[in-house]
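The following report describes a ligand site, two helix packings and some unusual backbone geometry. The sequence and structure come before the description.

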Amino acid sequence: MKPTYIPEPFRIKSVEPLKMLTRKEREQKIKDAHYNLFGLNSQDVYIDCLTDSGTNAMSANQWAGVMLGDESYAGATSYQHVIASATEIFGFPYIQPVHQGRAAEKVLMPLLLEGKRYAIANMFFDTTRGHAVMAGGIPIDCVVPEALDTSLRVPFKGNMDCKKLVELIEQYGKDNIGVIIMTITNNSAGGQPVSVANIRETAKIAHKYGIPFMIDSARYAENAWFIKQREEEFKNASIKQIINECFKDADYFTMSAKKDAIVNMGGLLGTRDKAMFEKIKQRCISFEGFVTYGGMSGRDLEALAIGLKEGIEEDFLKYRIGQLEYLAARLDEEGIAYQSPVGGHAIFIDAKKMLPHIPWYQYPAQALAVALYIEAGIRGCDIGSYMLDRDPVTHKEQEAQFEFTRLCIPRRVYTQAHLDIIINALVAVKKDADKIKGLKIVEEAPVLRHFTGKLELLK
Ligand SMILES: *Cc1c(COP(=O)(O)O)cnc(C)c1O
């Protein structure tokens, strides 16, 4: 496809100046950060693609809402506004705000896994996986096999493998499974969408066996946009109708509002079960705060109430996903491999293909992330063998399924010129790819080592 850029459905009212370092300065900064992108100071980054979580630009309306935020401890109007927006969009009778997605997981997961052994998902996001484990559960991924082939272009690579799901339930026993989770979009598979047909089928299986069905819904709006483009039944439906269709068979949802609700902090938790809601409220009060603020300040609640609605506007989503599709079309022109078709919030560059001379145990995706920073001040991160910790039992290095360098695109933050800089940097790195060196770890934590690890460039 020819690269086309969908113009911004907004103009810029407030700007944040960026410092432009020289290449020499960047070489020193990344060395000082021990070749770990998380160790860089943000003012030394030109285009920050580390995450799309909480890095969104709020609208003039949201900033006005910040001023109107009601900071009352109990019964704040901003709480009522969030509940009104969220009820309208998700259609759940009981909704609890929390301060971010993992807070919802912390409150809910132990309730669902009480006396149970397993949790099954299309693919667990890392914090969701962590909370399932902390609640004494064993998380099992059950994504369609197409997700693992980066060059295979199929419309819904994030889907649940429903045949395998039934086999897993039969194998482990329905009474041992606490919850079946659908992550939309499927973040860990590269922001790949899930179809309504697949959500319906998964819900049907869950309910046939009497297992609660939950949606991990950080990117509910992007997923709905993909459904509108790719699922025949919904080509004329509104985004709101599609979201309604996705959520109507779910028993629970958890949500990080830091993504599609276009705020910097926030989360939600929903249930249809009144007795369960009472338990959720109790745990929320202990961990997050009183039910009408749930760990958020009134101003953040107000911005969330507005952002939930802005995040489902079609003009916005067309531009938003359009940025990713523009990047993907330019990558196709340049013959650079990525997880395709492109997903909703990031491009995942296939570093194994770009740097074939660097073996997995010298972390090609981290080497590419370092090279992009040196080339143009772009900050991405490794989703590969560097991020994958050692085997917890044998303490041996493990080879990841993919070696991706992930470049996330924050919402309403960067322009077409910024995206072109990303592409030009990738092209420049590819041209001299054989000169890029692998890395070795010189210091690492036993878990989640990629955040704080120290590395050295190999000679
Ligand atoms: C971000 C995210 C979470 C966790 O949310 P936080 O707000 O970062 O705590 C959970 N699931 C998915 C799919 C996410 O993308």
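## Ligand site and backbone geometry

An oxygen atom of the ligand lies 2.9 Å from a polar backbone atom of glycine 101, a polar contact here being a pair of N or O atoms within 3.5 Å, where within protein one atom must be able to donate a hydrogen and the other to accept it, and residues adjacent in sequence count only if both atoms are side-chain atoms. The model is predicted, with local features requiring pLDDT of at least 70 and side-chain atom pairs counted only at pLDDT 80 or more, while totals for chains, interfaces and linings use all residues. Residues are numbered from 1 along each chain as its sequence is written, and side-chain values use heavy atoms, with hydrogens and water left out.

The polar contacts of ligand oxygen atoms include the following.

| Protein partner | Distance to a ligand oxygen atom |
|---|---|
| Glutamine 100, side-chain N or O atom | 2.8 Å |
| Glycine 101, polar backbone atom | 2.9 Å |
| Asparagine 187, side-chain N or O atom | 3.2 Å |

Of the 380 Å² of accessible area that the ligand has on its own, the protein covers 98%, with areas taken from the Shrake-Rupley method with a 1.4 Å probe. The elements giving two or more residues to the shell around the ligand are α4 (101-113) and α5 (126-134), where helices (H or I, at least four residues) and strands (E, at least two) are DSSP runs numbered from the N terminus. Helix α4 supplies the largest share of this shell, three residues. In total 15 residues surround the ligand, the closest being Gln100, Arg102, Asp216, Ser256 and Lys259, and a residue is near the ligand if one of its heavy atoms lies within 4 Å of it. The shell divides by class into two nonpolar, seven polar and six charged residues; Ala, Val, Leu, Ile, Met, Phe, Trp, Tyr, Cys and Pro count as nonpolar, Asp, Glu, Lys and Arg as charged, and the others, Gly among them, as polar.

Turning to helix packing, the axes of α3 (residues 77-90) and α9 (residues 239-247) come within 8 Å and cross at roughly 80°, the axes being lines fitted to C-alpha atoms over the stretch in contact, with angles from 0 to 180 degrees between N-to-C directions. Helices α3 and α9 are therefore roughly perpendicular to each other, a term that covers angles of 65 to 115 degrees. Glu88, Ile89 and Phe90 of α3 meet Lys240, Ile243, Asn244 and Phe247 of α9, contact meaning heavy atoms within 4.5 Å. The residues of this contact comprise four nonpolar, one polar and two charged.

Helix α8 (residues 220-230) packs with α12 at an angle of about 85°, their axes 10 Å apart, and these two helices are therefore also roughly perpendicular to each other.

Most residues other than glycine have a negative phi, and most peptide bonds are trans. A cis peptide bond nevertheless joins isoleucine 184 and threonine 185, with omega about -25°, and threonine 185 is found in the loop between β5 (177-183) and α7 (196-208). The peptide bond from serine 340 to proline 341 is likewise cis, with omega near 0°, and proline 341 is found in the loop between α12 (314-334) and β9 (346-350).

Methods:
Parallel < 35°, antiparallel > 145°, perpendicular 65-115°, else oblique.
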